[in-house]
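Me: Can you walk me through this structure, one question at a time? I'm new to this, so please keep it simple.

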Amino acid sequence: MKKFDYIIVGQGLAGTVLAFQLTQMGKRVFVIDKFRSSTSSKVAFGAYNPMVLKRFTACWKVEEQLPPLYQFIKSFEETFDTGIHTPLQLWRKFHSVQEQNLWLEKSEKPRLRAFMNTTFKSNDSEEISADFGFGEVKHSGRVDLKKMISIFRTHLDAGGSLLNEAFDYSAMEVSEKYIRYQSVEAEKIVFCEGHRLTQNPYFDYLPLMRTKGELLTVKLKGFQAKQLLKSSISLLPLGAEEYKLGATFNWDDKDEVCTEEAKQELLSKLNDLVNISPELINHEAGLRPTVKDRRALLGAHPSHDNVLVFNGLGTRGLLISPYLSLQLIDFMEKGKMIEPEVDIKRYENEMKC
Ligand SMILES: Cc1cc2nc3c(=O)[nH]c(=O)nc-3n(C[C@H](O)[C@H](O)[C@H](O)COP(=O)(O)OP(=O)(O)OC[C@H]3O[C@@H](n4cnc5c(N)ncnc54)[C@H](O)[C@@H]3O)c2cc1C
């Protein structure tokens, strides 16, 4: 038996952030992840911003989430001597004078002052239609999640700490003192399976909704935006006149298949923002692990203290995952309480039903 402190099942954003933080603390981690080229984490923009841009409000606990995010990025980049992070200017398109006024009003509020620039950005590009200009959000950026996941996977593999296969729940031996799986023994196991949590017999009672998102990569010849532009869609510059464009929200489809309907919706919204014919380069789809109360899912199984879950990262996985992973680690290592809003204890009644 090879002995580890933790087995982590799933190496998307959640599994990578958690496993990295644990290894930084000197913990021995073994990861089981079935490689898939297209997952929620791999198709995501990987953008973060501190605000909800529909209503011009601050995100839940964002002041507590940004420092662990920056710390995680710094440690990851230093450990692997690589760059995964690009700070970005985020420009929110105004659709009316009323929106401009609301922006000014909100940017006076003490909590929002740190995130909102009070000076509007006028539209000086002939290719963009934005008569009322833009509001600038501070402290935004992007992490190349595909690159981050790939670098960490290679590192795990090189250290003999990766098993590339779908986890077989019936082969797991759970006792109070250990978890055994094939030739691996660990003190605890944490499931970080994204939307596939719905197939996990230990946690399938949790209300994971799964929200499908589709996005396009397009080339816009002659268009040179440097900012992440947000209107009814997001337009993320990748360089060389290529942009990621998205994303859709579909609560009914529960597959990762690209649809013509979503493609047309995105192209039509792009047309409202930029007057250049796009050249389609790529079309991707993923299922966001969303929860009915829009809060993440952290904690231990009601009957097994050493079987845990880290999921429900929703639409803002990047911003919240370093903060939440540290909270889960404090719970697992020091017995500290998980904040009730994200603790899976809030759904214990659903298990008994
Ligand atoms: C179109 C789109 C755009 C998005 N844009 C952003 C964005 O800009 N910013 C942001 O913060 N968030 C964004 N999100 C949300 C973000 O992608 C998710 O919050 C996050 O990626 C979820 O990560 P995860 O690790 O929980 O799940 P996943 O990414 O699904 O990873 C789960 C991993 O576990 C593996 N796995 C699952 N079950 C098993 C098993 N039983 N055995 C072995 N392996 C298993 C899977 O193969 C996968 O590798 C976006 C999502 C979509 C769909």
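Me: Which residues of helix H1 are buried?
Reply: Keep in mind that we're looking at a predicted model. Buried here means under 20% relative accessible area. For H1, the residues that count are Leu 13, Ala 14, Gly 15, Thr 16, Val 17, Leu 18, Ala 19, Phe 20, Gln 21 and Leu 22.

Me: How many of the twelve residues of H1 are buried, and what follows for the helix?
Reply: H1 is largely enclosed by the rest of the structure. You can tell because the buried count, out of twelve, is ten.

Me: How far apart should the ends of H1 be, at 1.5 Å a residue?
Reply: H1 covers residues 13-24, so there are twelve residues to work with. The rule multiplies 1.5 Å by one less than the number of residues. The end C-alpha atoms in the model agree with the expected span, which is 16 Å.

Me: Which residue just after H1 takes a positive phi?
Reply: Look just past the end of the helix. The phi there is about 85°, and the residue is Gly 26.

Me: What are the edge strands of the open sheet?
Reply: Eight strands line up in the order E3-E7-E6-E13-E14-E15-E12-E16, with mixed pairing. An edge strand pairs on one side only, which here picks out E3 (47-48) and E16 (279-288).

Me: Which helix packs on that sheet?
Reply: This helix touches E6, E12, E13, E14, E15 and E16. Its direction makes about 55° with that of E12. It covers residues 260-273, and its name is H7.

Me: Which residue in E14 stands opposite Leu 229?
Reply: E13 and E14 run antiparallel, and two bridges join them. Across from Leu 229 you'll find Leu 235.

Me: Is Leu 208 buried or exposed?
Reply: Leu 208 sits in the loop between E11 and E12. Among the residues it touches are His 195, Pro 289, Val 291 and Asn 311. Its relative accessible area is 9%, and the cut-off is under 20%, so Leu 208 is buried.

Me: How far is the C-alpha atom of Leu 208 from that of Gly 314?
Reply: Along the chain, these two residues are 106 residues apart. In space, their C-alpha atoms are separated by 9.6 Å.

Me: What is the radius of gyration of the whole protein?
Reply: The protein has nine helices and 18 strands. For 353 residues the globule rule gives 20 Å, and the model comes close, so it is as compact as a globular protein of that length. The radius of gyration is 21 Å.

Definitions and conventions. Residues numbered from 1 in each chain as written. Predicted model: local features only at pLDDT ≥ 70, side-chain atom pairs only at ≥ 80, totals over all residues. Heavy atoms only, no water. Pairing = 2+ DSSP bridges. Helix = DSSP H or I, 4+ residues; strand = E, 2+ residues; numbered from the N terminus. Contact = heavy atoms within 4.5 Å. Axes fitted to C-alpha atoms, helices over the stretch in contact; angles between N-to-C directions. Buried < 20%, exposed > 50% of the residue type's maximum accessible area, 1.4 Å probe, protein only. Rg over C-alpha atoms; globule rule 2.2 N^0.38 Å. Lists of a residue's contacts leave out its neighbours within four places in sequence.
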